[in-house]
Structure formats: C-alpha cells, structure tokens
Amino acid sequence: MPEEVFRNDLIKDIVSKYRRLWALSHAESVLSWDMEVNMPKEGIEERSTALAELSVLSHELLLKPEFLQLVDKAKGAEGLNDYEAGVLRVLDRSIRIAKAFPPEFVRELSETRSKATAVWTRAREKDDFKMFEPWLQKIIELARKAADYLGYDEYPYDALLDLFEEGLRTRDLDPVFSKLEKELPKVLEEIMSRSWAPKEHPLEKEKYVTEDMKAVNNEVLKLLGFPLGMRSRMDISPHPFTTEFGIKDVRITTRYEGFDFRRSLLAAVHEFGHALYELQQDERLMFTPIAGGVSLGIHESQSRFWENIVGRSKEFSELIYPILKKHLRFVSKYGVTDLHKYFNIVRPDFIRVEADEVTYNFHIYLRFKLEKLMINEGVKASELPELWNDEMERLLGIRPKTYREGVLQDIHWAHGTIGYFPTYTLGTLLAAQIRAHIIKDISNFYGLIKEGKFDPIKSWLREKIHKYGSIYPPKELLMKSLGEGVNPEHFLNYLREKYLS
Ligand code: MG
C-alpha cells in the first residue's frame, strides 16, 4: 500500500471535490485529441461548441463559492507537506487567472481568436499580410488588455509570459537571450565553416512509403520502451503533438510526408519525450491538481532531450541503423556516418519549425524581441513585417522574400498566444543543461544509447523531474533537480563539443 500523500483534511476535501474538474479536463482532452486525429471535417462546428460549453462548465466549477472558500481556508493551514502546498499553489494560480478576465472579455478574445485564425490561414495561402494586419492589431490590443487584467510589476509582457510558464519574467529572459545573441552567431559561423555537419544531404530527397515509415517509428519507440497499446498510442496528425488523458493513457502523433524521413522519426522521438514525462509521474498524483507536467518549458526540455540529445547523437544513429535498413531500402546506399550527418544538417533558413538545433533559438529570439515591442512599446502590427525581415537578416543573414517565409509563418499570434514562444528556447537550453548533469551521474550515457539500454536514463529523468508532476513551480523544480536556474552556457558548450571538436 503506497503511503498517502494528502493528510490534511481540508486538502483531502479539496482533492476529492477537484475530481469532477479533473473528469471534465479528461473529457476535453479526449475530444480535442479526437478532433485532431479522427474527426471528419464537418464535425468541427459541433465539436467546438461542445468544447466551449465544457470549458464554461469547468470555469463555473472552479469558481464555485464553496470551492473558493475551501481553498481560502486551506491557505491558512499550517504544516502542509510539499504535495499539499503544491495543490494549493496550482489551484490558487488557476483561480487567479480564471477570475482575472470579465466574461465579455473572454468572449471577445475567443471570437477574435477564431476569426483571426481563419483569416490568417487564407492570408498565408495568398501571402497577403494586409489581409491579416487588422486582426493582428486587434490581437495585440487584446493581449495588452489581458496583461492589464492579470496585473504585473515591471512589464505588461511579464503577465503574458507567466500564463505559459509560471513565474517567468522578461528579466529572466533578457540575460539568457543576450548571452545567446553574443555567443551563438560565433558558434554558428564556425560550424558553417569547419564542422562535419553538412548544409544539405541527399537523404532529404529520398522518398518513402508511409507503411514502411510507420514500421520504423514503431520499432524505434519499442526500443525506447514506449508502452504502445498498454498506456499509449501513436496516431497521425499534420502537426505532431502529445496529449495526456491521465498518467496511464498518453497519446502521441507524428506525420508522414513521404520524403525526408527524419522529420517523421524525430517528431515521434520528440513526442515520446513529452509522453515519458507524463507516464513517469508518481501515480499517487492521479486525479489531482498536481498531476501533469509543470510547465511548457520543462515539458519541451523533455521532448528536446530525446529528440536532440539522444535522437541526434551518433550512438543513436548506430543503434537504429539496422531498423532503418530493414524498412527503408534506400538507407542501404548510405553508411551510418551519413545517417548521423543527415540528422544534424545545419542550415540557416526561414521557417522555425524546420530549423536545426543550432539556428532554432535565433527564430525564438526574433519573436521574443518583436513580442516585447508590441506589448511593452506599442509597436503596431503594420510595422512587424519590416522589423521581422530586418531582424532575420541581422541574425541569420537571410531576408524573407514572402510573408509566408516571414511574419505569417506561425499560427501562434493568430491564436492570440503572445508570450508562448520563449518556452521553446527554455526547452532547448534545458535539454542541454540536463545533458550536462546526466553525463556526470551516468558516465557511460552515450554507451547506453548505443546499446539501446535506456532504463538508467529514464530512471534519472523520473527521479529528478518526472515523478514530481506539478508539485513544485518550474524555477523551484530546476533548483531542486539541477541546482541551478536556466543557464545557456550548457547549450553553447554542447554545440561546441558536438559540432566543433
Ligand atoms: Mg514539443
């Protein structure tokens, strides 16, 4: 019998009442997953209505006076353990955010989002920024208003950052990005001139049959120990994602484009990293507010760890080479060194989602800079395309010729998610930071990858990060598990070591 984690009666009462909210979010996850994976096109109207109604119901349940009173009362309790304090922290934060916005603002935001997203889709197809501009301007104004409702100490942008990464502030990010701005161009320049990493590779052009690639992904996931069929599934969606219905049912997707097979494979490995975080939690957190990964940044560190640190290592190429040769006949024309090079092409390019691990953070830095300008400095939507292109040219030496390659490429701003992008950089940096710590504790880290012995690596991640769910806020979790906050030095060292020595 596992030890009970909740002992305080008020907390026990809160957790038992919370179960209904948990059930609603479980249902919402299933409906959203189905919408991306199975739903016929015209189901969209009924599905979005169902989801909107469920979210109203959750909102009502969370803000029910008896529930609020209970949470308030528990805040006065003494001697709470970490689990109990975590429950209160997570609920308090959700309640604060849920209370911040008046209902008419929530409605306006949600309607603007849907319309802006629809316009963005057409504007991107037609490469017409003018069409999207008034909607983007409206989104910026609403985001600014949201920041005012939420409140902030220093910059309005901080209120938005905190929505996506608990406790994250501009003052945390500024030094991280200025370090990258100073060092990363030098590293990139050196890589471009003298690394073994190629700028392109013939394997990018090789075509595959979906069924063959599915077989590859399934075998690779099996090697990684992904519990397919028991506690997880892998399906197909145009934009790969992970969703957790709970600790024992975590779904991932990947995509099959018919060429450049690393995109499908590394997407599956990336999503595996997200899924593992959910699967390896302490099961006693099940049904409670502290179940689930703590933040987007920490989550992305897990996916990037498996995708970049493990998946793009030489040893991983050696491990999966026989699987690839078995299912993709063209792989036999190439050696294992070729395979490793193919996984590590470094090439400054316009599109963020296709960027390699070296240039990726430039894309995020650009967006971070522009978001600060629009939220803190009142820069207008109309000014963004020029600013985007200038910044791109300054950072990567290339200038977009179309809006599609520039300011219109991501869905985030159309969705109204301003302040989200920096969590991607946190993830990339933290993955390298975790590597620096794990290789100290597991001296044959790369040897284990080569032999496909992932259990010690998975245990390390479970003990340091996964098992805690959302008990600790991200910054505290990092101090506890790594003894330091986000430190870009590890990422820079990793790049130098991997590409330049
Ligand atoms: Mg991800």
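Over the ring of which residue does the charged end of Arg251 sit? In this predicted model, the ring belongs to Trp33, and the charged end of Arg251 sits 4.7 Å from its centre. A second contact of this kind brings Arg19 over the face of Phe287, where the distance to the ring centre is 4.3 Å.

Aromatic rings also meet one another. Such a pair is described by the distance of the ring centres and the angle of the planes. Searching the whole structure gives 27 aromatic pairs. One of them joins Tyr157 and Phe368: the ring centres are 6.0 Å apart and the planes stand at 45 degrees, so this pair counts as tilted. The two partners come from distant parts of the chain, with Tyr157 in helix H7 (residues 156-164) and Phe368 in helix H14, 211 residues apart. Tyr157 has a relative accessible area of 0% and is therefore buried. Phe368 is buried as well, its relative accessible area being 1%. Elsewhere in the list of ring contacts, a cluster emerges: Phe164, Tyr360, Trp388, Trp413, Tyr420, Phe421 and Tyr424 are linked by ring pairs.

Turning to the metal site, the magnesium ion has three protein donors to consider, namely His270 through NE2, His274 through NE2 and Glu300 through OE, at 2.3 to 2.4 Å from the ion. Along the sequence, these donor residues follow the spacing H-x3-H-x25-E. The site thereby ties together distant parts of the chain, as His270 belongs to helix H10 (residues 262-279) and Glu300 to helix H11 (residues 296-310), with their positions 30 residues apart in the numbering. Both His270 and Glu300 are buried.

Empty space inside the model comes next. Rolling a probe the size of a water molecule over the atoms shows where such space is left. The structure contains one cavity of 30 Å³ or more, and the volume of the largest cavity is about 40 Å³. Its lining is made up of Phe177, Leu180, Glu181, Leu184, Asn361, Phe362 and Tyr365. Two elements each contribute two or more residues to this lining, helix H8 (170-194) and helix H14 (360-376). Helix H8 gives the most, with four residues. Sorted by class, the lining has five nonpolar residues, one polar residue and one charged residue. Helix H14 thus appears in two of the settings described here, as a contributor to the cavity lining and as the home of Phe368 in the tilted ring pair.

Key
Residues are numbered from 1 along each chain as its sequence is written. This is a predicted model: local features need pLDDT of at least 70, side-chain atom pairs count only at pLDDT 80 or more; totals for chains, interfaces and linings use all residues. Side-chain values use heavy atoms; hydrogens and water are left out. On a 1 Å grid over the protein atoms alone, a cavity is a set of points where a 1.4 Å probe fits but cannot get out, and a pocket is an open set with protein on both sides within 12 Å along at least five of seven lines; lining residues have an atom within 4 Å of a point. Grid points are joined across faces, edges and corners, and a volume is the space filled by probe spheres set on the points. Ala, Val, Leu, Ile, Met, Phe, Trp, Tyr, Cys and Pro count as nonpolar, Asp, Glu, Lys and Arg as charged, and the others, Gly among them, as polar. Donors are N, O and S atoms within 2.8 Å of the metal (3.2 Å for Na, K and Ca); water is not among the atoms, so sites may look incomplete. Buried means under 20% relative accessible area, exposed over 50%, partly exposed in between (1.4 Å probe, protein chains only). Rings of Phe, Tyr and Trp (its six-membered ring) pair if their centres lie within 6.5 Å; planes under 30 degrees apart count as stacked, over 60 as edge-to-face and the rest as tilted. A charge sits over a ring if NZ of Lys or CZ of Arg is within 6 Å of the ring centre and within 35 degrees of the ring normal.
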